[in-house]
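Got the viewer open and a free hand on the mouse? Let's take a walk through this one together, one selection at a time.

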Amino acid sequence: MTITITAFERSPDRGRGLARDMRVRWALEEVGQPYDVRLVSFEAMKQPAHKALHPFGQIPTYEEGELALFESGAIVFHIAERHAGLLPEDSNGRARSIAWMFAALNTVEPPIFDRSLVTILERDQPWYEHRLRALDDLIRKRLDDLSARLGAADWLDGAFSAADILMVTVLRRAQAMGILEAYPSLAAYIARAEARPAYQRAFAAQLAVFNAVPPT
Ligand SMILES: N[C@@H](CCC(=O)N[C@@H](CSCc1ccc([N+](=O)[O-])cc1)C(=O)NCC(=O)O)C(=O)O
């Protein structure tokens with residue numbers, strides 16, 4: 001059955017693979033699932049047709065037959081549930097990988113994403129500098145603990161899993177904001193992931209979308 005995801009018609013990340021369709025594309029490439037992409041404009045995202053798919057009027061969404069999903073983490077988990085290769089077969093290993101999926105989205109991503117929003121939306125507020133410092137301290141705490149736990153391992157918990165897809169896409173956002181310089185082991189972790197053929201196919205596909213749309 002055809003899989004269709006949605007992505008930005010013209011991503012504000014200028015083809016750097018920082019929008020959250022990247023993690024869905026990557027998971028689908030890792031399990032060898034072909035997919036179609038429906039590109040949506042910022043305006044179209046807020047219209048009833050798209051909001052019937054995504055209650056918050058965002059991307060990505062995932063459609064396959066009668067199934068319609070939103071939330072990139074849930075979509076990646078669904079792909080990992082339906083296709084071998086992204087979650088361990090043993091139940092304890094599977095549970096640990098799912099815990100790391102939640103950690104990526106609930107513990108590591110929020111301060112990093114908040115920091116990007118603050119620099120866009122609150123730069124001229126009186127609390128800006130204090131808020132930025134507080135977020136930088138929290139991000140450093142998360143990255144200190146993550147790099148300590150990862151140590152010399154290739155992936156978060158044994159073999160590469162859906163948790164690494166989520167964690168790497170979160171860390172790439174931090175890298176793009178220039179806050180990963182002090183974490184060479186995390187930069188190496190990202191580089192290992194970016195060397196994966198499935199990652200490269202996913203990245204090339206989203207970059208092609210950006211390059212295909214003439215600058216306005
Ligand atoms: N929790 C949801 C969040 C989805 C989400 O944030 N979608 C964003 C795009 S990915 C977030 C994103 C946006 C831009 C960049 N960038 O670097 O330019 C990176 C990531 C969106 O649709 N925004 C439009 C809107 O909210 O109206 C999920 O994980 O799927």
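Below is a short tour, starting with the whole model and then moving to the ligand and a cavity.

**Stop 1: the whole thing.** Keep in mind that you're looking at a predicted model. Colour the protein chain by pLDDT: the mean is 97, and 100% of the residues reach 70 or more. For the complex, the predictor gives an ipTM of 0.98 and a pTM of 0.97.

**Stop 2: the ligand.** Select the ligand and look at where it sits: the space it takes is the largest pocket. Now show the shell around it, which has 8 nonpolar, 2 polar and 5 charged residues. Which of the 15 residues around the ligand come nearest? Pick out Arg 20, Lys 46, Ile 59, Glu 71 and Ser 72.

**Stop 3: the polar contacts.** Click on Lys 46 first: an N or O atom in its side chain is 2.6 Å from an oxygen atom of the ligand. Hop over to Ser 72, where a polar side-chain atom lies 2.7 Å from a ligand oxygen atom. With Glu 71, the partner is a nitrogen atom of the ligand, 2.9 Å from a polar atom of the side chain. Switch on the surface too: on its own the ligand has 670 Å² of accessible area, and the protein covers 81% of that.

**Stop 4: the cavity.** How many cavities of 30 Å³ or more are there? The count comes to 1. The largest cavity has a volume of about 90 Å³. To find it, select Phe 8, Ser 11, Asp 13, Asp 21 and Gln 206, which lie nearest its centre among the 15 residues that line it.

Key:
Residues are numbered from 1 along each chain as its sequence is written. This is a predicted model: local features need pLDDT of at least 70, side-chain atom pairs count only at pLDDT 80 or more; totals for chains, interfaces and linings use all residues. Side-chain values use heavy atoms; hydrogens and water are left out. A residue is near a molecule or strand if one of its heavy atoms lies within 4 Å of it. A polar contact is a pair of N or O atoms within 3.5 Å; within protein, one must be able to donate a hydrogen and the other to accept it, and residues adjacent in sequence count only if both atoms are side-chain atoms. Accessible areas come from the Shrake-Rupley method with a 1.4 Å probe; for residues, only the protein chains shown count as cover. On a 1 Å grid over the protein atoms alone, a cavity is a set of points where a 1.4 Å probe fits but cannot get out, and a pocket is an open set with protein on both sides within 12 Å along at least five of seven lines; lining residues have an atom within 4 Å of a point. A molecule sits in a cavity or pocket if more than half of its atoms lie within 2 Å of its grid points. Ala, Val, Leu, Ile, Met, Phe, Trp, Tyr, Cys and Pro count as nonpolar, Asp, Glu, Lys and Arg as charged, and the others, Gly among them, as polar. pLDDT is the predictor's confidence in each residue, from 0 to 100. Grid points are joined across faces, edges and corners, and a volume is the space filled by probe spheres set on the points.
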